[in-house]
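Trainee: Could you take me through one part of this model in some detail? I'd like to look at how the helices of neighbouring chains meet, and then at whatever else helps to place that part.

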Amino acid sequence: MQFSAQQIAGLLNGKIEGDAAVTVSKLSKIEEGETGSISFLSNPLYTQYIYNTNASIVIVNDSFIATAPISATLIRVESAQSAFGKLLEMYNQVKLNKVGISKLGFISETASVGKDIYLGEFAFIGENAKIGDNVKIYPQVYIGDNAVIGNNTTLFAGVKIYSETIIGKDCIIHSGTVIGSDGFRFAPENEEGNRKIAQIGNVIIEDDVEIGANCAIDRATLGSTILRKGVKFDNLIHIAHNVEVGENSYLAACNVVAGSTKIGKNCMFSGQVGVVGHLQIADNTILTAQSGVSKSINKKGEVYSGSPAFEAGKYRKAFVHFRNLEGIVQRITQLEKK
Amino acid sequence: MQFSAQQIAGLLNGKIEGDAAVTVSKLSKIEEGETGSISFLSNPLYTQYIYNTNASIVIVNDSFIATAPISATLIRVESAQSAFGKLLEMYNQVKLNKVGISKLGFISETASVGKDIYLGEFAFIGENAKIGDNVKIYPQVYIGDNAVIGNNTTLFAGVKIYSETIIGKDCIIHSGTVIGSDGFRFAPENEEGNRKIAQIGNVIIEDDVEIGANCAIDRATLGSTILRKGVKFDNLIHIAHNVEVGENSYLAACNVVAGSTKIGKNCMFSGQVGVVGHLQIADNTILTAQSGVSKSINKKGEVYSGSPAFEAGKYRKAFVHFRNLEGIVQRITQLEKK
Amino acid sequence: MQFSAQQIAGLLNGKIEGDAAVTVSKLSKIEEGETGSISFLSNPLYTQYIYNTNASIVIVNDSFIATAPISATLIRVESAQSAFGKLLEMYNQVKLNKVGISKLGFISETASVGKDIYLGEFAFIGENAKIGDNVKIYPQVYIGDNAVIGNNTTLFAGVKIYSETIIGKDCIIHSGTVIGSDGFRFAPENEEGNRKIAQIGNVIIEDDVEIGANCAIDRATLGSTILRKGVKFDNLIHIAHNVEVGENSYLAACNVVAGSTKIGKNCMFSGQVGVVGHLQIADNTILTAQSGVSKSINKKGEVYSGSPAFEAGKYRKAFVHFRNLEGIVQRITQLEKK
C-alpha cells in the first residue's frame, strides 16, 4: 500500500513542508531510511541523520529547526515520537487484519465461535470451546475442550491451549506458547512407585495480557493458575501450577516461577529470574537479571539481586568486595604478619 | 457428569453423613467450594472452612469431630487426602479418555498402529513408525520415521518426535516438547569452514517417564540419549546429545544438561540448574535452584549449591558472609588502623 | 539399506583387510558395535575394543598395527575419524532426503516455491512467501506472509516463521523454534494504560545458520534482528528485538540476549548465559556458563564469568576465597582478639 505525505499528514494532524504528493510504502529508522519509506526524528542525538537520510518523508517535532537543506518532505506534529507510534500501530493493524474461517481448519460441532473470527489452516477447536468475536486463531493453533477465548484475542501460529483454560479479551499469545499443561507434582512416597498427582485445575488469563513465544503456563492442581489483567510476559517463561501474577506485572525472558507463589501488582522482573514456590511477592517489586528469590518479599517497591536474592544496593556493594576478595585476603595476611 | 454422594461413597468405601442424594459435577478446594462441588478436609489448619463452605459434599477423615453444624454432606473415609486423590485421578482419566482416529490425521502406509489409539486432527505418523495400544496422539503431533511409541503413552497437542526415537510405555509428554533434535556439535577447525557433525544417534525414553511442556531433548551423535524409567521433567528443560538421566530422577523447570553427562538415580534438581558436559553425577544428588555443576559428583546423596556448585551447607555459610562483605572489610580497615 | 565393505572402501578410498563382501546397515560406537554395523577406531584409548567388537566393519588409521586377531573386516584410511564423519554425513543426507509436496499441505496462491522442495503434511505457506530450491519444509511448519526462505534450507516439524522473516541458504532450524515474534516493548507511561509498541521490523537470518529446538527470535521494533552468516544456536535460546549476532558466533542452550545488543564475530557463549540490552560485545568473546553480562565488552578475545560478569581469571580466584569466607572471617576474629 502506498500513502502520500498529504494522507499521512491528515491522519496525524500534521503540517507539511515539501512535496505533499510524495508516496511511501514502509517505515524505517532515520539512519537507515530508503526512498519510499517514512521515518521520524525525535531524539536530538539523531538530528545529524535528517540532512542526508534517503527517507521520503520524516515526521518531526513542531519545535524542530533545520540548520541545513533537507531533501525529505517533513511533517510537523506536536510529538514526532507518538505520531510515529500511531503510524506503527495502524500499519500493524492492517497487516494483522486476517478474517475468515479456513476450510482446512477444524471446529468441533459443540464449539461456538463469535463474529468475524479468523481461523487459519490446520487449527483445531475442541468440544464445547467458546470463541469470542474478532478472535484471530492462526494456523496450527490447538484449543482444547471447554476452553474460552475472549473477544479480540489473537493466538499466533501453533499456540497450544489445553482444555478448561479461560482467556480474556484483547490478549495476544505468541507462537509455541503452551497454556494449561500439567503442574509438576508427584507423590514419590506412594507404595506403588512414583505416582502422578492428577492436575485438574485450569489456567485463567484476564484481559489485556500479552505472552511471548514458547512460554509454558501450567494448570493448577485444583483451582486456577491466574495471570491478572495487563500482565506482560516475554519469551520462554515457565509459570508453575497455582501461581498468581498480579495486575500489570512484567516478566522478562526465561523467568521461572515455582508452584503456588503469588506475585503482586506492577512488578518488574528482569531476564532469567527464578522465584521458588509458596512465596508472596509484594506489589512493585523489581528483581534484577538472574536473581533467585527464596523468601517472601513483604515490603512494596524494593529492588532485589543475587541468588538467594537480597536488597540490590547491598548486593552491589558486596559484589564490589567479592571481585576484590583476593586483595582482601592479602590485607588479612599482611595484618597477620605484623 | 453428575455423581451423587451415594455413588461417590460407594467408590471410596466411605460412610455418608447427611443427604445421600445430593449431586456434584466438579472438584473444589474447601475454602473456595461452590454448590455442586465436592471437596475434602485433611489439614487441621483448614478445619474452620468446613463450617461455612458451599461445597455440597466434603470428604473427611474417620477421626474428624465436628464442633458446629455443617451444611455439606460428609463422606467419612480412612484418609480424606488419598480418597480425594483417587477421585482426582478418576476424573482426569474420564476427561482424557479420547479414542478414535481422525480422518484429518495422517498415518504413513508403512506405519503400524495398535488397538484403541486416539489420533487427533492434523497429527502425523511417519514411515515405519510403530504405535502401541491405547496410545493417545493429540492434534498436530508429529512422529517421525521409524519412531516407536509404547502402550498407553500420551503425546499432547503439538509434541514433535523426530525419526528413530523410542518411547516406552505409560509415558506422558506435554505440548511443545521436541524429542530427537540434533545435538549441538560442530567441528570449527575444519578447513571448509564451520562444519556440522552429523547427528545420527537417537533418543530412548523408558517406561513411566513424564516430560513437561516445551522441553528439548537432543538425539545422540552416535548411540542414544537416554531417559531411564520413572524420570520426571518439568517444563523448558534442555537435554543435550548423549546425556543419560538415571531412574526416577526429577528435574525442575529450565534445567540444562550439557553433552554426554550421566546423571544417577533418584536425583532431584531444582529450577534453572545447569550441568556442564562429560560429567558423572552420583545417585540421590540434590541440586538447589540456579546452581551450576562444573565437576563430577561421586559421593551419593549430597546437596550442592552455587555456580560453580559446592556443598550446600558450606555455600549457605559463605553466602551469609558474602551479604556482609562490606562489614568484613570495615573490620579489616579497623584492624589496619590499630 | 545394506552396504558392503567393498562399496564403503570405494567411497572412502580405503584398503580392505578381511571379508570384502560383509554388509552393514548401520553405524555404531566400537564399544557397542553389533553384527551388521560399521564402526571406527581413532582414539588409542579405545584400541582394546577392536579385538572383541561385534561390529562387522571397523575403519582404522593407516598406521594402526593389530597386536591380536580381529574378527571384523578392516578398512584402512588416512584418518579414520574424518572418514567416519564423512559416512555419518552421507547417511544423514540419505535419511533426510525428503522430496515432494504433500496434498495435505497448504500453499497460498500468491506464494512461489522453487524446484525439488519437500512440503510435509499440514505445513502452511502464507501470501507472497518465496521458497527457494531444495528447501525442506517438514509437517506442521508455518511460514507467514512475505517470508523468504533460501535454497537448501531445512525447517523441521512445527517451526514457526512469522511474516516478513528472511532466511538465507543452507540453514537448518529445529522443531518448535519461533522466528519473528513481537519484541517485548511497552510504553507503560501512556495515559491509556500499558500500551503495546507495535513491532513492525523483521528477522534476517543469513546463510549457513543452524538454530536448535524451541528457540524464540523476536522481530525488530523497526529495522531487523539479524543473525549473521555461520551463527550456530543450541536449544531454548531467546533473542530479543533488534539484536545482532556476528558471523560464526556460537550460543549454547538457554542463552538470553536482551534488546538491541550487538554481539561480535566468533563469540562462544556457554549455557544459561544472559546479556542485558543495548550492549556491544567484542569479537571472539567467551562467556562461561551462567554468566550475566551487564556492560559492553570492548576488548576482543577475553573470557568472562559471574553475574555481573568480569574477567574469568579474577572470578576463579575470587570464587576460591568465597568458598572459604567462613575461614577468612575466623582469621579476622583471631586478629581482633589479639
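Mentor: Happy to. Keep in mind that this is a predicted model. Start with helix H4 of chain A, residues 325-337, which packs against helix H3 of chain C, residues 312-323; the angle is about 55 degrees and the axes are 8 Å apart. Angles under 35 degrees would count as roughly parallel and 65 to 115 as roughly perpendicular, so H4(A) is oblique to H3(C). Now zoom in on the side that chain A brings: A:Leu325, A:Glu326 and A:Val329 sit in H4(A), and they meet C:Lys317, C:Ala318, C:His321 and C:Phe322 of H3(C). Sort the residues of that contact by class and you get four nonpolar, one polar and two charged.

Next, turn to the other helix of chain A. Helix H3 of chain A, residues 312-323, packs on helix H4 of chain B, residues 325-337, at an angle of about 55 degrees with the axes 8 Å apart. That makes H3(A) oblique to H4(B). Here chain A puts in A:Lys317, A:Ala318, A:His321 and A:Phe322, while H4(B) answers with B:Leu325, B:Glu326 and B:Val329. By class, the contact of H3(A) with H4(B) holds four nonpolar, one polar and two charged residues.

How are the chains related? Turn chain A by 120 degrees, with 0.0 Å of shift along the axis, and it superposes on chain B with an RMSD of 0.1 Å. That is the relation of a three-fold axis. For chain A on chain C, the rotation is 120 degrees, the shift along the axis 0.1 Å and the RMSD 0.1 Å.

Just ahead of H3 in the numbering there's a detail of the backbone to look at. In chain A, the peptide bond between A:Ser307 and A:Pro308 is cis, with omega at about 0 degrees. A:Pro308 lies in the loop that runs between strand E39 (303-305) and strand E40 (310-311). Chain B has a cis bond from B:Ser307 to B:Pro308, with omega near 0 degrees, and there the loop holding B:Pro308 is between strand E39 (303-306) and strand E40 (309-311). While you're checking the backbone, look at A:Cys254 too: it isn't a glycine, yet its phi is positive, about 65 degrees. You'll find A:Cys254 in the loop between strands E31 (250-251) and E32 (256-257) of chain A.

Last, the empty space inside. The structure has four cavities of 30 Å³ or more, and the largest of them holds about 120 Å³. It is lined by 13 residues, and those closest to its centre are A:Gly158, A:Gly176, B:Gly158, B:Gly176 and C:Gly158. Taken by class, that lining has nine polar, three charged and one nonpolar residue. Glycine counts as polar in this scheme.

Conventions
Residues are numbered from 1 along each chain as its sequence is written. Chains are lettered from A and ligands numbered from 1 in the order in which they are written. This is a predicted model: local features need pLDDT of at least 70, side-chain atom pairs count only at pLDDT 80 or more; totals for chains, interfaces and linings use all residues. Side-chain values use heavy atoms; hydrogens and water are left out. Axes are lines fitted to C-alpha atoms, for helices over the stretch in contact, and angles run from 0 to 180 degrees between N-to-C directions. Helices (H or I, at least four residues) and strands (E, at least two) are DSSP runs, numbered from the N terminus. Angles under 35 degrees count as roughly parallel, over 145 as roughly antiparallel, 65 to 115 as roughly perpendicular and the rest as oblique. Contact means heavy atoms within 4.5 Å. On a 1 Å grid over the protein atoms alone, a cavity is a set of points where a 1.4 Å probe fits but cannot get out, and a pocket is an open set with protein on both sides within 12 Å along at least five of seven lines; lining residues have an atom within 4 Å of a point. Grid points are joined across faces, edges and corners, and a volume is the space filled by probe spheres set on the points. Copies are superposed by least squares on the C-alpha atoms of residues with pLDDT of at least 70 in both.
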